[in-house]
Amino acid sequence: MAILLEKSFPVEAGAYSTAGEASTTIKRTLKQLGISTEVLRHVSVACYEVELNLVIHSLGGTLTLLVDPEKVTLISKDVGPGIPDIEKAMTEGFSTANEEARTLGFGAGMGLPNMKRNATEFDIQSEVGVGTTITMSFALA
Amino acid sequence: MNVQQLTELINARNMTPEADANTEVTCGYTCDLLSWVMAHGAAGMAWVTVQTHMNVIAVASLMEMAAVIIPEGIVMEEPSLEKARDEGIAVLQSDLTAYEICAILAKAGLPGKNREE
């Protein structure tokens, strides 16, 4: 499938004040491409959740946006620490967020389930000590 | 109801006059857990929260909300307000409590969010 657009955004661990900047840029980019409001909303929510996860839980990573004629794809790839129990992490209400994140109103254990709910396809691969890769696609039609 | 009418209704101070006061408000909501709002927010929403940091604006903007209402005379910090102005999100500061604000909005006929969404 021909890639119409590819953009990568580095996301820094613990950078709470700038969390959401990559998602805002991605939303703006997709809006300019004429993506429908409905799809835009799903991508925006999932994108912000995954960006926050990079800030709160990872040691840093990259968020990549891919657009082809059929779908929008978001890939979040971090450099660790990895998730020991993915099934548990996917459970609504389960969170390992630290005190700082909780003070800001995060850490309700809604992130991963909310990504899955908003994406057409959702995949998570993780290895402790290596890192986590989340791939989400959003159908355009 | 638009943002201007909402502002008058709860006797709030509009901290972002740059945002379009004609924006239509579709529903009301109150919650201080941002993760929860990410899962349950809606476009056009008027969201009452005591949280005032930058991420509040990021959430409101990504969800295409109409306004963020800060209750009980709490002051939103300037960097957050600046971001709100950039994003075109109305920030209203009110001396009323979240409960009182919601009661007024409900009485004026503003619904809660559509649960089907």
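**Exercise 1. Work out how many residues each chain brings to the contact between chain A and chain B, and which elements of chain A take part.**

Solution. In this predicted model, the contact draws 19 residues from chain A and 15 residues from chain B, where two residues count as being in contact if their C-beta atoms, placed from the backbone, lie within 7 Å. On the side of chain A that touches chain B, the elements giving two or more residues are helix H1 (21–32), helix H2 (37–57) and helix H5 (111–118) of chain A. The largest share of that side, five residues, is supplied by H2(A). Sorted by class, the side of chain A that touches chain B holds seven nonpolar, nine polar and three charged residues.

**Exercise 2. Describe the make-up of chain A and decide how its radius of gyration stands against the globule rule.**

Solution. Begin with the secondary structure, which in chain A comes to five helices and five strands; read from the N terminus on, the elements follow the order β-α-α-β-β-α-α-α-β-β. The radius of gyration of chain A is 14 Å, close to the 14 Å given by the globule rule for 141 residues, so chain A is as compact as a globular protein of that length. Along the principal axes, the C-alpha atoms of chain A fill a box of roughly 40 × 30 × 25 Å. Of the 141 residues of chain A, 38% count as buried, and of the contacts in chain A with a separation of 6 or more, 64% are between residues 24 or more positions apart.

**Exercise 3. Identify the pairing partners of strand E5 (residues 131–139) of chain A and assign its residues to two faces.**

Solution. First, strand E3 (residues 71–78) of chain A pairs with E5(A) in the antiparallel sense over seven bridges, with A:Lys71 opposite A:Ala139. Next, strand E4 (residues 121–127) of chain A is also antiparallel to E5(A), again over seven bridges, and here A:Glu127 stands opposite A:Gly131. E4(A) and E5(A) form a hairpin with three residues between them, and A:Gly129 in the turn has a positive phi of about 85 degrees. For the faces, recall that side chains in a regular strand alternate between the two faces of the sheet. The covered face of E5(A) has A:Thr132, A:Ile134, A:Met136 and A:Phe138, whereas A:Gly131, A:Thr133, A:Thr135, A:Ser137 and A:Ala139 make up the uncovered one.

**Exercise 4. Give the strand order of the open sheet in chain B and locate its edges.**

Solution. The five strands of this open sheet are ordered E1-E5-E4-E3-E2 (chain B), with mixed pairing. Its edge strands are E1 (13–14) and E2 (27–30) of chain B, each of which pairs on one side only. Within the sheet, strand E3 (residues 45–48) of chain B runs parallel to strand E4 (residues 67–70) of chain B, joined by three bridges, and the bridge partner of B:Val48 in E4(B) is B:Ile69.

Methods
Residues are numbered from 1 along each chain as its sequence is written. Chains are lettered from A and ligands numbered from 1 in the order in which they are written. This is a predicted model: local features need pLDDT of at least 70, side-chain atom pairs count only at pLDDT 80 or more; totals for chains, interfaces and linings use all residues. Two strands pair if DSSP finds at least two bridges between them. Helices (H or I, at least four residues) and strands (E, at least two) are DSSP runs, numbered from the N terminus. Ala, Val, Leu, Ile, Met, Phe, Trp, Tyr, Cys and Pro count as nonpolar, Asp, Glu, Lys and Arg as charged, and the others, Gly among them, as polar. A residue is buried if 20 or more other C-beta atoms lie within 10 Å of its own, exposed if 12 or fewer, and partly exposed in between; C-beta atoms are placed from the backbone. The radius of gyration is taken over C-alpha atoms; the globule rule is 2.2 Å times the number of residues to the power 0.38.
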